Amino acid sequence: MTDKIAYTRQDDIAVLRIQNPPVNALSQAVRQGLWGAMDRAEADEGVRAVLIVGEGRAFIAGADITEFGKPPMEPYLPVLCTRIEASPLLVVASMHGVSLGGGLEIALSAHYRIAQPSARVGLPEVHLGLIPGAGGTQRLPRLAGVEKSLDMITSGRQVKAAEALDMGVVDRVSEGDPEAVGLAFTRDLLAEGAKPRPVSELPAAPAIDWDATYDAVLKKGRGQISPAKAVRAVQAASELPFAEGMAKERDLFMELMETDQRQGMIHAFFSERAVGNLPELKGVAPRELKAIGVIGGGTMGAGIATAALLSGFDVVLIEMKAEAAEAAHGRISGNLSGALKRGKISQEKFDTLTQRALMVSTDYDALKDVDLVVEAVFENMDVKKEVFGKLDAVCKPGCILASNTSYLDVDEIAASTARPADVIGLHFFSPAHIMKLLEVVVAEKTAPDVVATGFALGKALGKISVRAGVCDGFIGNRILATYRTAADHMVLDGATPYQIDKALVDFGFAMGPFAVADLAGLDIGWMTRKRKAPHRHPAERVPTYIDHLCEEGHFGQKTGEGYYLYEAGKRAGVPNPKIAELVAAEQASLGITPRPFTDEEIVRRYMCAMVNEAAKVVGEGIARRPLDVDMTLLFGYGFPRYWGGPMKWADIVGLDTVLADIEHYASEDAWFWQPAPLLKTLVAEGRTFDDLNKDAAK
């Protein structure tokens with residue numbers, strides 16, 4: 001036994017208290033301690049039952065992440081669960097906080113379970129590219145049935161105590177000290193003459209159409225294989241004796257351990273936690289934030305205001321005219337109504353947010369007491385400088401002035417004020433109250449505590465915040481411009497936008513680039529092309545066929561016509577026949593003879609363009625680490641999580657092969673495909689992008 005498990009005795013009940021702060025992760029010491037404590041309880045004369053309880057914030061939050069990637073150590077969790085379940089004593093788990101992954105599997109190996117009303121349970125292994133590996137897929141269906149178990153396991157979602165009670169996962173919900181309510185429940189069971197009730201001995205769940213379910217889950221996961229493998233594991237619980245089902249679960253678990261997807265999702269898991277951990281901010285205190293100002297009440301500004309309100313900030317929103325201010329208030333109220341309908345906020349909270357916490361005004365003087373203001377106006381440098389001039393005049397000393405610009409030079413914006421140290425870029429993604437990514441753009445003169453405040457705000461808003469340097473498009477939009485150009489070139493050379501979209505959705509993207517352009521609005525790319533035209537490379541081929549649609553007032557979904565045609569009220573479109581005609585005309589004018597593309601070539605060119613530009617972004621210091629790029633693309637651009645991000649994808653497929661392809665493409669189109677110096681250096685040294693992440697963590 002170890003000091004991770006405290007053993008006490010309450011009459012004829014042995015209490016095993018897990019003490020591994022902060023969340024009682026299932027380290028080797030905890031597993032060993034539980035094993036030893038079970039041995040002691042069974043040898044302790046007069047003990048009739050065992051109560052397992054967690055100290056601190058949780059029962060057991062899951063595996064110990066410090067052991068990820070290391071050789072497993074005995075006692076192995078599946079064996080420990082079997083050992084607990086086989087005890088001749090009555091075993092009860094009293095659950096509070098979270099019981100996730102192996103934590104829930106420990107609870108399922110107990111004979112009875114009681115939970116606090118606020119407790120949550122879940123099997124989130126699919127988010128790591130795995131399935132539960134200690135009996136979760138075999139025991140849960142015996143308690144909750146196949147369909148509810150499949151929903152829980154394949155989604156990885158957390159279930160609240162009341163739902164867990166309804167599912168049969170827990171036997172009682174009771175509020176109070178976890179040990180006290182656990183002891184009361186255990187005494188009730190003993191008084192009733194309850195016997196040990198191993199879940200493994202309960203009847204197997206009835207069969208369903210397993211093949212159809214497998215196919216449906218695979219399709220829903222857009223290529224992620226772990227949820228579909230979980231279906232096969234639950235199928236084993238239905239069709240095989242328990243021991244054979246456990247063996248099948250273990251085989252499927254080990255099969256997934258060897259997959260590229262597991263590598264990608266583990267990388268995403270750790271990178272999500274590392275991305276906001278910046279050495280430059282160590283010991284730097286953020287400024288206090290209570291009230292937030294927002295300039296502009298369009299879709300973006302209203303989304304930012306909504307996110308701030310939901311996170312407990314007071315908000316002052318400024319619009320140009322009274323009608324626009326009223327419309328902005330309506331947009332924010334509409335956003336908050338969605339939160340109300342989903343049960344995220346109460347009616348009382350809704351009323352407070354819309355009537356007291358939010359002020360909408362046309363007077364910049366209303367911003368005099370805010371602590372930070374975010375400008376979210378038209379993407380035009382002159383307009384933004386005018387706004388910042390007004391903010392400079394009315395905002396109090398120490399107020400942070402932030403721009404939500406997607407592309408423009410934050411240094412130039414800062415230079416238009418008398419307080420450049422207080423200026424920062426905060427690039428939200430629309431809809432800002434839903435999208436998780438926030439690029440924190442650090443200008444040349446931005447003060448360290450302003451940077452710290454940007455990250456503190458992102459954390460308060462529930463965002464994944466990524467540090468970015470100043471360049472056209474920062475991290476995400478700069479890389480987007482390049483891989484989107486690669487897609488445009490493939491269209492000119494013979495691929496259709498629809499083949500490209502399908503190939504990339506099959507790869508795992510939520511949407512293809514042309515469907516995304518329709519969703520965002522074709523006028524955005526049109527304006528960007530016009531803005532960049534004077535600075536364009538002489539040899540650059542920039543497709544202009546889509547500009548003809550824009551000139552006619554067709555901007556994608558919002559007008560009903562773009563690359564696709566849209567019926568009113570429907571998000572999915574059908575190919576627009578005009579596109580083929582416009583592309584053919586441009587090919588003829590450029591003297592291009594179109595050729596066929598395979599889906600594999602489409603994906604490879606698209607990804608190589610993404611990785612090459614990302615390597616330039618890291619090499620120039622715009623992103624400090626490759627993982628910053630990965631998190632930007634995962635949370636802002638629909639990159640499939642199971643690849644971990646473009647840099648992790650490149651590591652998985654091999655940087656040498658990626659570089660070789662880029663050099664081959666450069667022989668066809670030299671200006672566009674110049675290999676990134678950093679990529680060439682890494683290949684020459686036999687190193688990876690992940691090596692750079694490790695270097696940065698030292």
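## Exercises on a predicted model

In helix α4, the buried residues are Gly136, Thr137, Gln138, Arg139, Leu140, Pro141, Arg142, Leu143 and Ala144. The model is predicted. The exercises below begin with this helix.

**Exercise 1. Determine how much of helix α4 is covered, and what follows the helix.**

Step 1. Take the range: α4 spans residues 136-144.
Step 2. Count the buried residues: 9 of its 9. The helix is mostly covered.
Step 3. Move to the next residue. Glycine 145 follows α4, and its phi is positive, near 85 degrees.

**Exercise 2. Classify the ring pair of tyrosine 498 and tyrosine 564, and place both rings in the chain.**

Step 1. Start from the total: the structure holds 18 aromatic pairs.
Step 2. Take the geometry. For tyrosine 498 and tyrosine 564, the centres are 5.0 Å apart and the planes make 75 degrees.
Step 3. Apply the cut-off. Planes over 60 degrees apart count as edge-to-face, so this pair, at 75 degrees, is edge-to-face.
Step 4. Locate the partners. Tyrosine 498 sits in helix α19 (residues 497-507), and tyrosine 564 in strand β18 (residues 564-565). They are 66 residues apart, and the pair links distant parts of the chain.
Step 5. Check burial. Tyrosine 564 has 11% relative accessibility, so it counts as buried.

**Exercise 3. Classify the pair of tyrosine 665 and tryptophan 673, and decide whether each residue is buried or exposed.**

Step 1. The centres of tyrosine 665 and tryptophan 673 are 4.8 Å apart, with 55 degrees between the planes.
Step 2. An angle under 30 degrees would be stacked and one over 60 edge-to-face; the rest are tilted. The pair is therefore tilted.
Step 3. Buried means under 20% relative accessible area. Tyrosine 665 has 6%, so it is buried. Tryptophan 673 has 4%, so it is buried.

**Exercise 4. List the ring cluster, then find the arginines placed over ring faces.**

Step 1. Ring pairs join Tyr483, Phe507, Phe509, Tyr606, Phe639, Tyr642 and Trp643 into a cluster.
Step 2. Arginine 83 lies over the face of tryptophan 35, 5.9 Å from the ring centre.
Step 3. Arginine 273 lies over the face of phenylalanine 269, 3.6 Å from the ring centre.

**Exercise 5. Trace the sheet of 8 strands, one of its pairings and the helix across it.**

Step 1. Write the order: β12-β11-β10-β13-β14-β15-β16-β17. The sheet is open, with mixed pairing.
Step 2. Find the edges. β12 (358-361) and β17 (464-468) each pair on one side only.
Step 3. Read the twist: an average of 25 degrees from one strand to the next.
Step 4. Inspect a pairing. β13 (residues 372-375) and β14 (residues 400-403) run parallel over 4 bridges. Leucine 372 has isoleucine 400 of β14 as its bridge partner.
Step 5. Add the helix. α12 (residues 299-310) lies across β10, β11, β12, β13 and β15. Its direction is about 165 degrees to β11.

**Exercise 6. Describe the surroundings of histidine 111.**

Step 1. Histidine 111 lies in the loop between α3 (102-109) and β6 (112-115).
Step 2. Its relative accessibility is 0%, so histidine 111 counts as buried.
Step 3. Set aside neighbours within four places in sequence. Histidine 111 is then in contact with Ile84, Glu85, Ser87, Leu89, Leu90, Val91, Pro196, Arg197 and Pro198.

**Exercise 7. State the number of disulfides and the burial of cysteine 471 and cysteine 608.**

Step 1. The structure holds 0 disulfides.
Step 2. Cysteine 471 is at 16% relative accessibility and so counts as buried.
Step 3. Cysteine 608 is at 0% and so counts as buried.

Definitions and conventions:
Residues numbered from 1 in each chain as written. Predicted model: local features only at pLDDT ≥ 70, side-chain atom pairs only at ≥ 80, totals over all residues. Heavy atoms only, no water. Phe/Tyr/Trp six-rings, centres within 6.5 Å; stacked < 30°, edge-to-face > 60°. Helix = DSSP H or I, 4+ residues; strand = E, 2+ residues; numbered from the N terminus. Buried < 20%, exposed > 50% of the residue type's maximum accessible area, 1.4 Å probe, protein only. Lys NZ or Arg CZ within 6 Å of the ring centre and 35° of its normal. Pairing = 2+ DSSP bridges. Axes fitted to C-alpha atoms, helices over the stretch in contact; angles between N-to-C directions. Contact = heavy atoms within 4.5 Å. Disulfide = S-S within 2.5 Å.
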